[in-house]
Amino acid sequence: MPVCLTPNAIAAINGGDVDSKPLVQVVDVKLIGSAQERYRLLLSDAASSQNAMLATQLNDLVKSGRVRKGSVVQLIDYICSTVQNRKIIVVLNMETIVPECEIIGNPKMYPETDAVAQKVLPNINPGNIQRFNNDNINGRNPVQNTQNFHSAVQPPPRANAMQNMQSFRSAIQPPYQPPPNYRNRGPIMKNEAPARIIPIAALNPYQGRWAIKARVTAKGDLRRYNNARGDGKVFSFDLLDSDGGEIRVTCFNAVVDRFHDIIEVGKVYLISKGSLKPAQKNFNHLKNEWEIFLEATSTVDVSPEEDASIPQQQFSFRPISDIETAENNSIIDVIGVVVSVNPSVPILRKNGMETQRRILNLKDGSGRTVELTLWGEFCNREGQKLQEMIDSGFFPVLAVKAGKVSDFSGKSIGTISSTQLFINPDIPEACSLRSWFDFGGKDAASLSISREIMTGGSKNEIRKTVSQIKEEGLGRSDKPDWITVKATVSFIKTDPFCYTACPLMIGDRQCNKKVTRAGNTRWLCDRCNQEFEECDYRYLLQIQIQDHTGLTWVTAFQESGEEVLGFSAKELFMLKEQDDERFAETVRSKLFYQFLFRLKIKEETYGDEQRVKITVVKADKVNYSLESQYMLDLISKLS
């Protein structure tokens with residue numbers, strides 16, 4: 001394809017052009033940076049060349065080979081910025097016109113010293129400028145000198161221009177003509193041009209003025225802090241634009257006073273004049289390498305009208321089965337049907353502050369369920385509403401935006417300050433899940449990925465009998481064995497049945513270490529090195545289970561103990577303190593119930609003795625309909 005590069009494009013861009021969309025050639029491509037990949041290009045207009053920085057969202061153009069040495073490209077969005085006292089073109093968007101081409105012309109690096117003179121008009125003959133300067137030095141008539149200068153900057157005759165042209169004919173882009181804004185004006189003052197609205201994905205620290213139009217999808221709490229520089233306050237909010245780009249905005253101190261009250265979730269804003277800094281990924285889960293810090297000169301204006309092109313929220317849902325392999329502390333979006341909700345319970349944090357915790361279970365079509373832990377206000381707000389729905393017999397769909405994955409005692413999800421919960425949201429994924437659940441999904445078998453059900457073991461349920469545990473030597477290998485046994489509770493030891501535990505929070509987990517008396521009214525945790533007036537109580541049950549092949553002893557801790565006895569350890573401890581006979585009767589009433597026990601079996605060393613320890617990680621009451629289907633499947637395989 002015959003191609004003519006846009007004449008004087010490099011000079012025009014240095015002069016402030018941002019609208020001509022010139023055709024240029026990539027003379028060189030170089031990868032820079034190790035922690036963060038960035039590409040530096042050398043762009044040419046056949047006469048001049050200049051370094052350019054490619055926005056990171058365009059990296060795939062280089063990686064896929066669509067932009068390489070020799071490619072002819074059209075610059076769509078670009079700006080010339082000064083970086084470390086050098087001018088560099090920042091390319092925000094471009095299109096490949098010719099993927100590969102011989103180098104056109106003999107381009108020379110665009111001289112920084114001539115930049116100011118060139119900005120007057122691109123088509124300047126350097127020899128004439130030098131002659132004008134010499135005449136001025138030699139003291140000739142200044143009027144004549146001015147005439148000489150004007151003749152120097154006139155475009156060359158068309159015949160001469162054609163002689164200097166490449167043999168390529170322009171079939172795509174007309175030659176660049178300086179727009180009126182830049183003609184005969186001299187250098188453009190910084191920030192003189194109005195800020196343009198650009199996509200969030202195009203934001204980078206090398207830009208001058210910019211503006212974005214986006215919807216607030218989340219607003220964080222106002223937090224106060226104290227450090228070596230004194231007291232301060234901070235809050236953040238998340239933005240989403242019509243192209244699906246997301247970014248976090250943070251305000252400190254006096255800027256908080258300006259913008260905290262005007263920011264509302266769901267509204268669309270026009271924002272400009274902020275600084276971009278690398279996102280702190282420990283606290284920022286959005287898929288953007290930058291975040292905006294608003295300053296005293298920043299502007300935040302509510303959009304005068306609603307923009308339907310910007311979605312209310314953006315989700316990246318993952319099936320519950322994928323959470324099994326998700327990294328600990330990673331932030332994910334998940335959607336499921338709420339199948340159970342536990343009561344809200346008070347928890348004492350390590351800093352002495354009390355908060356609320358509520359655990360519920362989500363189920364989806366991947367054949368798995370997962371525990372979702374609600375903290376703080378989520379318990380009384382969305383948690384209470386979900387509890388009422390479940391109590392009325394309705395199973396709502398819940399979408400979780402920005403839940404935090406935990407691998408403590410299996411895989412689970414917890415809320416953080418930026419988490420958002422949407423009950424029965426009006427989105428296609430919720431409608432599909434609702435239909436699946438109502439037409440068979442409610443009774444579909446599923447496995448929990450929480451409480452170590454799958455850690456280190458098979459992702460498929462392995463059924464065994466009690467006698468097979470000993471016959472097959474389960475638990476004696478390097479890794480524990482994970483099995484399911486259908487068995488009956490035949491005996492429960494009650495002396496002791498629980499231990500006194502630390503109620504303080506370490507991060508998002510309760511300490512749970514054994515505590516001892518510190519005087520008559522207080523308890524001491526050696527791990528937390530703190531004292532408190534009330535302790536927690538946690539199950540440490542020794543249970544004898546049996547099936548048609550034999551019996552064995554198993555250990556059940558807090559959650560599995562509650563599933564077997566139907567009471568919390570604290571409730572049962574208080575009952576024992578008040579009425580020992582009623583306590584004994586309550587425990588006896590739980591005998592001879594049949595459960596599906598999910599067991600972890602591992603050989604451990606006690607002193608010099610090797611013992612196989614069997615731990616109950618979950619105890620489900622037998623669903624006889626599903627169990628009948630399971631046995632029918634076994635019979636069909638035998639036949």
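**Note on the predicted model: helix α15, strand β31 and Lys-464**

1. Helix α15 covers residues 624-638, and its length can be checked by simple arithmetic. At 1.5 Å a residue, its 15 residues should span 21 Å, and the C-alpha atoms at its two ends are indeed 21 Å apart, so expectation and model agree. The expected value is 1.5 Å times one less than the number of residues. The reader should bear in mind that this is a predicted model.

2. The N-terminal end of α15 is capped by Asn-623. A side-chain oxygen of Asn-623 lies 3.2 Å from the backbone nitrogen of Ser-625. As a general point, an α-helix has 3.6 residues a turn, so residues three or four places apart point the same way.

3. Strand β31 (residues 594-606) pairs with strand β32 (residues 609-621) in the antiparallel sense, over 12 bridges. Within this pairing, Thr-605 stands opposite Gln-610 of β32. The two strands form a hairpin with 2 residues between them, and in that hairpin Gly-607 takes a positive phi near 70°.

4. Strand β31 has another antiparallel partner, strand β21 (residues 481-492), with 8 bridges between them. One position to locate in the structure is Ile-483, whose bridge partner in β31 is Leu-599.

5. Ile-483 also leads to Lys-464, for these two residues touch. Lys-464 belongs to the loop between β20 (447-448) and α11 (466-471). Setting aside residues up to four places away in sequence, Lys-464 touches Glu-472, Leu-474, Ile-483, Thr-484 and Val-485. With Glu-472 there is a side-chain to side-chain polar contact of 2.8 Å.

6. How far apart are the C-alpha atoms of Lys-464 and Val-485? They are separated by 5.5 Å, although the two residues are 21 residues apart along the chain.

7. Is Lys-464 buried, exposed or partly exposed? Its relative accessibility is 21%, and it therefore counts as partly exposed. The class of buried residues is limited to values under 20%.

8. Some totals place these details in the whole protein. There are 15 helices and 32 strands. Of the 639 residues, 45% are buried. Among contacts with a separation of 6 or more, 64% are between residues 24 or more positions apart. The protein exposes about 33,900 Å², of which carbon and sulfur atoms supply 49%.

Conventions. Residues are numbered from 1 along each chain as its sequence is written. This is a predicted model: local features need pLDDT of at least 70, side-chain atom pairs count only at pLDDT 80 or more; totals for chains, interfaces and linings use all residues. Side-chain values use heavy atoms; hydrogens and water are left out. Two strands pair if DSSP finds at least two bridges between them. Helices (H or I, at least four residues) and strands (E, at least two) are DSSP runs, numbered from the N terminus. Buried means under 20% relative accessible area, exposed over 50%, partly exposed in between (1.4 Å probe, protein chains only). Contact means heavy atoms within 4.5 Å. A polar contact is a pair of N or O atoms within 3.5 Å; within protein, one must be able to donate a hydrogen and the other to accept it, and residues adjacent in sequence count only if both atoms are side-chain atoms. Accessible areas come from the Shrake-Rupley method with a 1.4 Å probe; for residues, only the protein chains shown count as cover.
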